[in-house]
Amino acid sequence: MGFKPSTVEGVVMALEVQAAPSLNEFAGKSVFLTGHTGFKGGWLAALLRYLGASVHGYALASDTYKNLFEVAKVQSLLASHTVADLADPVAMLAAMQAAQPEIVFHLAAQSLVRRSYVEPALTWRTNVQGTVNLLECVRQCPSVRAVVIITTDKCYANQEWCWGYRENDRLGGHDPYSASKAACELVVDSYRNSFFKESGVLIASARAGNVIGGGDWAADRLIPDAVRAVAAGRALQIRNPTASRPWQHVLAPLHGYLLLGQALLRGQVSAAGAFNFGPPQQDNLSVGDVLQRLQSYWPQLELALSTPSDQPHEAQLLYLDSSKAQHELGWQSRWSLAQSLENTAGWYQAESLDGEGIQGYTLAQIEEYLS
């Protein structure tokens, strides 16, 4: 599927005239978004601006050599951009109160499993205490009516089941990242019951699986590793080809987060809980299968099997049951895995040919997904 790069002015002006019918609640809304300098956060910032929202970002600067935030000029889409740590509640409260948001999306996190083995204390501090700091700021900002906290599919106690985990399954985690996200879910539930029921603020958590899409250059992730291998002209070393993951384009769960946030803004109390956002079961494939399919859209990608002896534990089988989101929010993935892989490869190929036009290309993919 090909896209012609569009100017940001043209795309945003079109959206201001006619926002997507299913997400019209965001037009004109002030949104506080943490983690906007990251891969998923950058796409969500573009999505929200595309829908006519006023987006106020709060995050650390990206630590990857290339990143979506800079390459796609995401800052130009923001109403404000604050570079600060989740560990600094004073800075966060000042930024939030200045933005006067009606809804908060919390994506900022230490999100890498392998890094969590190297820096466990940082992972726990960022993911758990950082979420506590955010929720304390929400308590001191009366404009906020809704909060969506993003965790992960890895928050479940993984039994290597062949069926999907549901929102009421047991939480847990082997590695520090997964365990910290399970703890984050407990924090959300505690604040919901202890504070927000009385204040009228509706809070939900969103759990999504592996995502792919253009603009990800993080370490120890499959597609970014493939991008770096192609750029270097070498074969991609596959360390865990049989591991099964629920693959979906980044726009799929982000669309779900927005539908969830919209339900909260509309006062839908039943939406104030946990929701899974995963692809259909046929898109739950092994790493090796996904890379072989990606090769059909990216012939320059070469593969090589690698089995390092010092590899830390990672789950082999993980699948989400997203029935709740489908029935209560009307959400489903709009792109098949084949479309997701094609559009991911197309984004990186477009960026390598025309870096200056990639913001328009990004917005064009959003327009195509929501149409």
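Begin by selecting G346, which you will find in helix α12, the helix that covers residues 337–353. Keep in mind throughout the tour that the model on your screen is a predicted one. With G346 still selected, ask whether this residue is buried or exposed. G346 has a relative accessibility of 14%, and because residues under 20% are classed as buried, G346 counts as buried. Now add Q281 to the selection and draw a line between the two C-alpha atoms: G346 and Q281 stand 65 residues apart along the chain, and their C-alpha atoms are separated by 25 Å.

Next, clear the selection and show the whole protein chain as a cartoon, in which the secondary structure amounts to 13 helices and 13 strands. The radius of gyration of this chain is 19 Å, close to the 21 Å that the globule rule gives for 371 residues, so the chain is as compact as a globular protein of that length. If you turn the view along the principal axes, the C-alpha atoms fill a box of roughly 55 × 45 × 40 Å. Of the 371 residues in the chain, 58% count as buried. Should you display contacts between residues at least 6 apart in sequence, 82% of those contacts join residues at least 24 apart.

Switch now to a surface view of the protein chain, where the accessible surface comes to about 14,700 Å², with 51% of it belonging to carbon and sulfur atoms. Colouring by charge brings up 27 positive and 34 negative charges, and the mean positions of these two sets are 3 Å apart.

Return to the cartoon and select residues 251–265, which form helix α9. This helix has 15 residues and reaches 21 Å from its first C-alpha to its last, close to the 21 Å expected at 1.5 Å a residue. How many of the residues of α9 are buried? The count is 15 of the 15, so α9 is largely enclosed by the rest of the structure. Move on to G267, just after α9, and look at the backbone there, since G267 takes a positive phi of about 80°.

For the last stop, select S143, whose place is in the loop between α6 (120–139) and β5 (146–150). S143 is buried, with a relative accessible area of 16%. Which residues does S143 touch, leaving aside those up to four places away in sequence? Add Q100, P101 and E102 to the selection, and you will have the residues that S143 touches on that basis.

Notes: Residues numbered from 1 in each chain as written. Predicted model: local features only at pLDDT ≥ 70, side-chain atom pairs only at ≥ 80, totals over all residues. Heavy atoms only, no water. Helix = DSSP H or I, 4+ residues; strand = E, 2+ residues; numbered from the N terminus. Expected span 1.5 Å × (residues − 1). Buried < 20%, exposed > 50% of the residue type's maximum accessible area, 1.4 Å probe, protein only. Rg over C-alpha atoms; globule rule 2.2 N^0.38 Å. Contact = heavy atoms within 4.5 Å. Areas by Shrake-Rupley, 256 points an atom, 1.4 Å probe, with all protein chains shown as cover. Lys, Arg positive; Asp, Glu negative; His and termini not counted. Charge placed at Lys NZ, Arg CZ, Asp CG, Glu CD.
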